[in-house]
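This report introduces a structure to a reader who has not met it before. Please view the sequence and the model together.

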Amino acid sequence: MEIRIAIQHPMETGFRRDATGHEIPKNVINAFSCRYNGVEVFRAEMGSGIAANPYLDFYTIADASGELIFDWTDDSGQTGSERASIVVSG
Amino acid sequence: MRFAALAAIPLAASRVAHAQSTTDSVDAMVAKVTGGAPLKTGRVKLELPQLADNSNSVSLKVSVESPMTSTDYVKSIHLYAGKNPRPNIANFYLGPRAGRAQIATRIRLAATQRVLAVAALSDGSFYSGAADVAVTGAACYDGS
């Protein structure tokens, strides 16, 4: 099973400056994980080399019906979460 | 024209120096992952466009040849771009439950360079694959 997720986030590198010349602090989603019925099946550590609105495409074996939970944290400490249900038949 | 050319020289020189220092740091970062174990080439396929005209978002696909069974699987995949200001783009951790060791994402590239992928396998071996990308408009340095 292929899982594709895109998260809306600027992934600020810390190298840019705003219109007044002040440095915009680095703020990227540094940690992302995917749990499948409570078990972690994928985890990513990301840096400023990942493009804005990070997109991840990965695989997992669909062995049971249940729920996929996606969690992420950025440098500012803000967290996000998303879930998806899956039904496996036969 | 002549003024422009003169101005470009110190800039180019400083970027080369920066690139060399970060290439060294990629070796150090890889050594940290492998713990000094030999890094073999092969099994890792890194797919990137040969030419990136928008280096703020470059499609990347990495796959590792592995049966992905409970006894023989890929533990992690690490991505490096030596000429980026922060070379370690991302680290991905997977396991036999992935079924397939393949990940796609979109990256930023600061300059024309070789991107390196290192895979850690469950038997303690390490494999690498690389791809060259020509960048026509660099990310990170401009104000956009």
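In chain B of this predicted model, 69% of the contacts with a separation of 6 or more are made by residues 24 or more positions apart. Chain B has 144 residues, and buried residues make up 37% of them.

The secondary structure of chain B consists of one helix and nine strands. Along the sequence these elements follow the pattern α-β-β-β-β-β-β-β-β-β, with the helix at the start of that order.

Chain B also touches chain A. To this contact chain A contributes 23 residues, and chain B contributes 26 residues. On the side of chain A that touches chain B, the elements giving two or more residues are strand E3 (39–46) and strand E4 (55–59) of chain A. The most comes from E3(A), which gives six residues. The residues on this side of chain A can also be divided by chemical class, as the table shows.

| Class of residue, side of chain A that touches chain B | Number |
|---|---|
| Nonpolar | 13 residues |
| Polar | five residues |
| Charged | five residues |

Strand pairing also links the two chains. E4(A), one of the elements named above for chain A, pairs with strand E7 (residues 102–107) of chain B. The sense of this pairing is antiparallel, and the pairing extends over two bridges. Within E7(B), Ala104(B) is the residue that stands opposite Asp57(A).

Technical notes
Residues are numbered from 1 along each chain as its sequence is written. Chains are lettered from A and ligands numbered from 1 in the order in which they are written. This is a predicted model: local features need pLDDT of at least 70, side-chain atom pairs count only at pLDDT 80 or more; totals for chains, interfaces and linings use all residues. Two residues are in contact if their C-beta atoms, placed from the backbone, lie within 7 Å. Helices (H or I, at least four residues) and strands (E, at least two) are DSSP runs, numbered from the N terminus. Ala, Val, Leu, Ile, Met, Phe, Trp, Tyr, Cys and Pro count as nonpolar, Asp, Glu, Lys and Arg as charged, and the others, Gly among them, as polar. Two strands pair if DSSP finds at least two bridges between them. A residue is buried if 20 or more other C-beta atoms lie within 10 Å of its own, exposed if 12 or fewer, and partly exposed in between; C-beta atoms are placed from the backbone.
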